[in-house]
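Dear colleague,

Please find below the sequence and the structure for your consideration. A short account of the findings follows them.

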Amino acid sequence: MTAWTRREILRATALAVTAAVSAKAYAQHGNMGPVSPPVRLTDIPVVDQTGTPRTLEALLSEGVTAVQTIYTGCSSVCPLQGALFGAVQDRMLQARTRYPVRLLSIGIDPFGDLPSALREWLARFNAGPRWNAVTLASDDVDRTRTELAGRPTLPRSIADHSTQVYCFDHDAMLRWRSADLPRVEEVCDVLGVLGV
C-alpha cells in the first residue's frame, strides 16, 4: 500500500462527497445554473496572494474564470473546495480552449486572508500560475458575496459561506452558478464551453 499525501486525501474526500450529493439536495439555492442575463460584478480593488493590488474585473478579464469564496481559517468545507479546484486545475491543463482557463479563490475574511495566508492556502493544493487568490476590503465582502449568489440576503457568518462555483466568460460576465460543492466534471464542462 502506498502512502497518500495530504493533497491526495483531500482530493479523494472532495470527490467522494461531491459524487454522493445530488443537485436536488441543494434545491434551496434556486440560483444555480445559467445566469441570464449575464451579470457584471462591481469592480472593486483586491489584493492578491503576492500582495499586489489589482481590480476584480481585471482578474476576471484574463480568461474564462471559475470563482469560489473561501477563508483561509476554515477547516470544514474550504479544504474540500481547495481540493475541488485542484482537480479542476489538473483536468483543465489538458483542455484546448480559445481563452485561457483561470481559477480564482476569493478570501472573504479580510482580517485573516492576508497575502501570506492566501499563498499558504494555494500551496496546500499545489496551485499553478493560473490559480490566484485575493482578499477583499471589509466593506466589499457582503456586496461581492451577494452579487455572486444573486440573492439579496446571505448568512451573516462567513462560516456559513456558499460552496458554489461561479463561472465567468472572457468579458468578466458571470454566466453560471453551480450547486454547492459541484462535481469536478460539471465545472470543467462549463469552463470548456465558455472557453470556446
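**Cavities, fold and core**

The lining of the largest cavity is made up of four nonpolar, two polar and three charged residues. Please bear in mind that the model is a predicted one. The residues concerned are L59, L60, E62, T65, R102, L103, L104, R130 and N132. Two elements, α2 (56-60) and β5 (101-107), each give two or more residues to this lining, and β5 provides the largest share, with three residues. The space in this largest cavity is about 50 Å³.

In total, two cavities of 30 Å³ or more were counted. The second largest holds about 30 Å³ of space and is lined by R40, L41, T42, D43, L56, E57, L60 and A172. Here α2 gives the most, with three residues. By character, this second lining consists of four nonpolar residues, one polar residue and three charged residues. You will note that L60 appears in the lining of the largest cavity and also in that of the second largest.

Turning to the overall fold, the protein chain contains six helices and eight strands. Their order along the sequence is α-β-β-β-α-β-α-β-α-β-α-β-β-α. Of the contacts between residues at least 6 apart in sequence, 73% join residues that are at least 24 apart.

As to burial, 48% of the 196 residues in the protein chain are buried. The accessible surface of the chain comes to about 9400 Å², and carbon and sulfur atoms account for 56% of that surface.

The remaining point concerns the interior. In soluble globular proteins, nonpolar side chains tend to be buried together. In the present model, the largest nonpolar core has 49 residues. Which of these residues touch the most other members of the core? They are I106 and L191. I106 falls within β5 (101-107), the element that gives three residues to the lining of the largest cavity.

For L191, the contacts outside its neighbours within four places in sequence are with V64, T65, A66, V88, M92, V101 and C167. One of these partners, T65, is also among the residues that line the largest cavity. Another, V101, belongs to β5 (101-107).

With kind regards

Methods
Residues numbered from 1 in each chain as written. Predicted model: local features only at pLDDT ≥ 70, side-chain atom pairs only at ≥ 80, totals over all residues. Heavy atoms only, no water. Helix = DSSP H or I, 4+ residues; strand = E, 2+ residues; numbered from the N terminus. Buried < 20%, exposed > 50% of the residue type's maximum accessible area, 1.4 Å probe, protein only. Contact = heavy atoms within 4.5 Å. Areas by Shrake-Rupley, 256 points an atom, 1.4 Å probe, with all protein chains shown as cover. 1 Å grid on protein atoms, 1.4 Å probe; cavity = no way out; pocket = protein on both sides within 12 Å on 5 of 7 lines; lining within 4 Å. Points joined across faces, edges and corners; volume = space filled by probe spheres on them. Nonpolar A, V, L, I, M, F, W, Y, C, P; charged D, E, K, R; others polar. Core = buried A, V, L, I, M, F, W, Y, C linked by side-chain atoms within 4.5 Å.
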